[in-house]
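Trainee: Could we go through this structure together, so that I can see where each label comes from?
Mentor: Sure, let's have a look.

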Amino acid sequence: MTMMRELTLIGIRMESPNRAPVMMLRETEGYRYLPISIGSVEATAIAYEEQGLRPSRPLTHDLMRDLIEAFGVQIEAVEIVELRDAVFYAELVLGNGARVSARPSDSVALAVRLGTPIRCTEQVLREAGVATPEEEQAELERFRQFLDGVAPEDFSS
């Protein structure tokens, strides 16, 4: 059995110099962070949901949530299961035990809409996680404050 760690979505940040969106996840019971580069569409979808913004028409991830609920499917967890050739792989774990391969960005966009736990294998965290010493906690708090002020429009091209 693979050791899994629960993660919390910290938010989306823009990575310089090309201002590429990075999804920041943090180990719930630990000090490691997992940064994952994502597309601007997924960054916008996550930011909209985090800020409680409702577009006039459903975004793709809203549609997926609505279909999942309409069909009575339970998503038990989102799991980031592998890192291969600098690409992260995730799976949606369904209530019936089935697993569906998905990109981590799409998986997290769904998880924030459904209140689904986000988990990651210990192996992926060892390979790509960033441990944060205590002295960097203040900088992370400033980053969190920055995230509170970011608008989804900041991610559009």
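Trainee: What makes you say that helix H1 lies across strand E1 and E2?
Mentor: H1 (residues 40–50) lies across E1 (4–15) and E2, and runs at about 105° to E1. Contact here means heavy atoms within 4.5 Å. The angle is taken between N-to-C directions, from 0 to 180 degrees, with axes fitted to C-alpha atoms (for helices, over the stretch in contact). The names come from DSSP runs, numbered from the N terminus: helices are H or I with at least four residues, strands are E with at least two. Keep in mind that this is a predicted model, where local features need pLDDT of at least 70 and side-chain atom pairs count only at pLDDT 80 or more, while totals for chains, interfaces and linings use all residues. Residues are numbered from 1 along each chain as its sequence is written, and side-chain values use heavy atoms, leaving out hydrogens and water.

Trainee: Why is H1 called roughly parallel to H3?
Mentor: Their axes come within 9 Å and cross at roughly 15°. Angles under 35 degrees count as roughly parallel, over 145 as roughly antiparallel, 65 to 115 as roughly perpendicular and the rest as oblique. That makes H1 roughly parallel to H3. The crossing is left-handed, a label used if the near helix is turned anticlockwise from the far one by less than a right angle, with clockwise giving right-handed.

Trainee: Which residues of H1 and H3 meet?
Mentor: Glu42, Ala45, Ile46 and Glu49 in H1 meet Ser105, Asp106, Val108, Ala109, Val112 and Arg113 in H3. By class, this contact has five nonpolar, one polar and four charged residues. Nonpolar covers Ala, Val, Leu, Ile, Met, Phe, Trp, Tyr, Cys and Pro; charged covers Asp, Glu, Lys and Arg; the others, Gly among them, are polar.

Trainee: And why is H2 oblique to H3?
Mentor: The axes of H2 (residues 60–70) and H3 (residues 104–114) come within 9 Å too, and cross at roughly 60°. That value makes H2 oblique to H3. H2 passes H3 in a right-handed crossing. On the H2 side the contact involves His61, Asp62, Met64, Arg65, Ile68 and Glu69, and on the H3 side Asp106, Ala109, Leu110, Arg113 and Leu114. Those split into five nonpolar, one polar and five charged.

Trainee: Now the sheet. What makes E6 and E8 edge strands?
Mentor: Eight strands form an open sheet, ordered E6-E5-E4-E7-E1-E2-E3-E8. E6 (99–102) and E8 (130–131) each pair on one side only. Two strands pair if DSSP finds at least two bridges between them. E3 and E8 have two bridges and run antiparallel, with arginine 32 opposite alanine 131 in E8.

Trainee: How do you know that E2 and E3 pair?
Mentor: E2 (residues 20–27) and E3 (residues 32–37) share five bridges in the antiparallel sense. Leucine 25 is partnered with leucine 34 in E3, and methionine 23 stands opposite isoleucine 36. A hairpin of four residues joins E2 to E3.

Trainee: What about E4: which strands does it pair with, and in what sense?
Mentor: E4 (residues 75–84) pairs with E5 (residues 87–94) antiparallel over eight bridges, while three bridges join E4 to E7 (residues 118–121) in parallel. Alanine 77 has valine 93 of E5 as its bridge partner, and glutamate 79 has arginine 119 of E7. The E4–E5 hairpin has two residues between its strands, and aspartate 85 in the turn has a positive phi of about 55°.
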